[in-house]
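Me: I've got this one open on my screen and I'd like a close look at a single part of it. Start with the setting, pick a spot, then take me through it slowly and tell me what surrounds it.

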Amino acid sequence: MENIKLRVKDLQKIYPANGRKDKEVVALRDINLEVMESEFVVMVGPSGCGKSTLINIIGGLEDATEGEVQIDGKDVVGPGADRGMVFQGYSLFPWLTVQKNIEFGLKMKKVPKEERAKIAKEFIDLVGLTGFENSLPKQLSGGMKQRVAIARTLANHPQVLLMDEPFGALDAQTRVVMQELLAKISRETKNTILFITHDIDEAILLADRIYVMSRRPGTIREVMDVNIEGERNHEMLVKPEFLEMKRKIMEMLWQESQDAAMGK
């Protein structure tokens, strides 16, 4: 039986609006999901459905109102080294080189200097930044900065990698390049990944399994396995199986938007 690396059970998040309890906003309702060890799971849904709220709760950056989040069967009670997070913003230290940015977390863990350098080189090679070790962030393109952010997170060997719209700020061409790179990294490292996006093509290209969320209050509307043969690259985007899955997800999200517009 496969190991469940991440489990979310009966999770709810309710915000008081303007501090008045009679005006509560239910952001997430009855969220149940599982991510198996080495599985790449993507969550897709309409804007405002609570995707980022959910990943922040899993990352320990925000508390749930009800429910449980567990990593390897242990309750999440705050941020921890077992989870690594990559956001749309790169959050790099502008005064540190590529290598020093990647080494930063290792240095905080008091990993010896030579070992830090060895680990950093490994991940610099993995994300295709060999030759840019001594460059500063201001000398890098957006895609290259995000490669540094991914390498820095992976270098700390998290149990689960949480990614919230990491390619959302990139141009379309760079975004496809980064998607293919991440798919390659996922195959090679076998990391457990939970990835948030609103881009349906991106979701299908990357995922082993997709959770489709409803509009707010966010719930799990559908769970879909992605069983498409071949390499995870741009050629996949025109396969009949890909287009059929895209059509199904688009219909679900269109129905959500229609129901929202009609106040259902």
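Reply: A quick word on terms first: helices here are DSSP runs of H or I with at least four residues, strands are E runs of at least two, and both are numbered from the N terminus. Counted that way, the chain has seven helices and 10 strands. Keep in mind that this is a predicted model.

Now the setting. The radius of gyration is 19 Å, which agrees with the value near 18 Å that a compact globule of 264 residues would have. Along the principal axes, the C-alpha atoms fill a box of roughly 60 × 45 × 40 Å. Buried residues come to 49% of the 264. Take the contacts with a separation of 6 or more, and 70% of them join residues 24 or more positions apart. As for the surface, about 13400 Å² is exposed, with carbon and sulfur atoms supplying 50% of that.

The spot I'd zoom in on is N191. Look in the loop between helix 5 (172–189) and strand 8 (192–197). Is N191 buried or exposed, loop or not? N191 has a relative accessible area of 13%, and the cut-off for buried is under 20%, so it counts as buried. Its side chain makes a polar contact with the side chain of T189, at 2.5 Å. Leave out the neighbours within four places in sequence, and N191 is still in contact with S38, E39, L154, P158 and S186.

Follow L154 from there: helix 4 spans 142–155, and the buried residues of helix 2 pack against helix 4 as well as helix 3 (113–126). On helix 2 itself (residues 98–108), those buried residues are V98, Q99, N101, I102, E103, G105 and L106. Some general background is handy for reading that list: an α-helix has 3.6 residues a turn, so residues three or four places apart point the same way. After helix 2 comes K110, with a positive phi near 65°.

For contrast with N191, try another loop, the one between strand 10 (220–225) and helix 7 (240–261), where you'll find E235. E235 counts as exposed because its relative accessibility is 54% and the cut-off is over 50%. Measure along the chain and W254 is 19 residues away from E235, with 26 Å between their C-alpha atoms.

How values were computed: Residues are numbered from 1 along each chain as its sequence is written. This is a predicted model: local features need pLDDT of at least 70, side-chain atom pairs count only at pLDDT 80 or more; totals for chains, interfaces and linings use all residues. Side-chain values use heavy atoms; hydrogens and water are left out. The radius of gyration is taken over C-alpha atoms; the globule rule is 2.2 Å times the number of residues to the power 0.38. Buried means under 20% relative accessible area, exposed over 50%, partly exposed in between (1.4 Å probe, protein chains only). Contact means heavy atoms within 4.5 Å. Accessible areas come from the Shrake-Rupley method with a 1.4 Å probe; for residues, only the protein chains shown count as cover. A polar contact is a pair of N or O atoms within 3.5 Å; within protein, one must be able to donate a hydrogen and the other to accept it, and residues adjacent in sequence count only if both atoms are side-chain atoms.
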